Amino acid sequence: MIEPQKKPSYKIYKGFRIPMVFSVENFASALNYQAQPGDAFIVTYIKCGTTWTQHIVWMLNHDGQPLPVGKNIQLEIPFLEKVGAEFVANLPAPRFIKTHLPYELTPFHPEAKYIYVARNPFDCLVSFYYHTQGFVKLYDFAAGTFEQFFECFIRGEVDGGDYFDHLLGWYEHKADPNVLFLTYEQMKANTRQAIIAIADFLGPAYSSKLQDGEMLYRILHHSSFEQMSQNQSRWSSTRPAEMTPFIRKGEVGDWQNHFSETQKARLLEKFIARTAETGIAELWPDLIPRLR
Ligand code: A3P
């Protein structure tokens, strides 16, 4: 039986669901940010590996050194919709920018670059559930249940909007010359390859630095789940000690510990219906056989 509806908080701006704490002015200005040649955007649907990718990109730009304690990645590679256009425009070039915007709202320039990271919707949902529980003041969902969150996610009634709209919009552009399309699962399976792909995509100034192997080794080491689990104040604001940490579990397949048979069938049905004939199911070839 589905429990009475409780939702994580969000507000709606022009039909788009945004976190409660976001300033509408900053969000509106973000949509009008003029992307510049050389800008590099890290684009994800929420909980798909944004912070991990931000840290890899930051280290590529800092000789493979990890982000030191005392700095926050969200200021180093700022979240466009949160900080607004002016903050981003004032960054020194080359600018590295985080966004969760769907394709049609993301500021575009043909000479800007876009690294998109997708994650399977089952694990994304689980991660998002703990995220909404953990940011107690932001979402007012500390006592929310997985069942309640599932209902919100499957209807697209969460901040960031509908998972499938986001994925479909960006997937159509996966072969564009200025888009690098990765999955969280690929990054997990072969992080080294993902780091090299990101460096190659950003250009010779980055890929050449990986040649001697030492910097690649450092980035690999400092981007590991174990290392990123240390000093988590580098990634986000602190959460109550009783909540799961921001860098939580970092696994592929944790959904199997959370979904009921009915929930599996419902999200699978939605996944198949929304991604039919797109090729998206091939991003996660093991997923559908495991669900059936
Ligand atoms: P889990 O909640 O499944 O553990 P985002 O940065 O987009 O909010 O994504 C957060 C998810 O990425 C969390 O997933 C987090 O643990 C995972 N993550 C962060 N850093 C990681 C790393 N170095 N390796 C693997 N997963 C990582």
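Reader: What makes the pairing of a ligand nitrogen atom with the side chain of Tyr 184 a polar contact?

Author: In this predicted model, where local features need pLDDT of at least 70, side-chain atom pairs count only at pLDDT 80 or more, and totals for chains, interfaces and linings use all residues, that nitrogen atom is 2.7 Å from an N or O atom in the side chain of Tyr 184. A polar contact is a pair of N or O atoms within 3.5 Å, and the 2.7 Å to Tyr 184 meets that limit. An oxygen atom of the ligand likewise lies 2.8 Å from an N or O atom in the side chain of Arg 248, and a backbone N or O atom of Gly 49 lies 3.1 Å from a ligand oxygen atom. Residues are numbered from 1 along each chain as its sequence is written, and side-chain values use heavy atoms, with hydrogens and water left out.

Reader: How much of the ligand does the protein bury?

Author: Taken alone, the ligand exposes 570 Å², by the Shrake-Rupley method with a 1.4 Å probe, and the protein buries 98% of that area.

Reader: Which residues make up the shell around the ligand, and how do they divide?

Author: There are 18 residues around the ligand, the closest being Thr 50, Thr 51, Ser 127, Lys 249 and Gly 250; a residue counts as near if one of its heavy atoms lies within 4 Å. The shell divides into 7 nonpolar, 7 polar and 4 charged residues, where Ala, Val, Leu, Ile, Met, Phe, Trp, Tyr, Cys and Pro are nonpolar, Asp, Glu, Lys and Arg are charged, and the others, Gly among them, are polar. Helix 2 (50–60) and helix 14 (225–228) each supply at least two shell residues, and helix 2 gives the most, with 3; helices here are DSSP runs of H or I with at least four residues, strands are runs of E with at least two, and both are numbered from the N terminus.

Reader: Why is helix 2 called oblique to helix 11?

Author: The axes of helix 2 and helix 11 (residues 191–202), which are lines fitted to C-alpha atoms over the stretch in contact, come within 11 Å and cross at roughly 60°, on a scale from 0 to 180 degrees between N-to-C directions. Angles under 35 degrees count as roughly parallel, over 145 as roughly antiparallel, 65 to 115 as roughly perpendicular and the rest as oblique, so helix 2 is oblique to helix 11.

Reader: How is the pair of helix 8 and helix 15 classed?

Author: The axes of helix 8 and helix 15 (261–275) come within 11 Å and cross at roughly 10°. That angle makes helix 8 roughly parallel to helix 15.

Reader: What is unusual about the bond joining Ala 93 and Pro 94?

Author: Most peptide bonds are trans. Ala 93 and Pro 94, however, are joined by a cis peptide bond, with omega about -5°, and Pro 94 lies in the loop between helix 5 (85–89) and strand 4 (96–99).

Terms used
A polar contact is a pair of N or O atoms within 3.5 Å; within protein, one must be able to donate a hydrogen and the other to accept it, and residues adjacent in sequence count only if both atoms are side-chain atoms.
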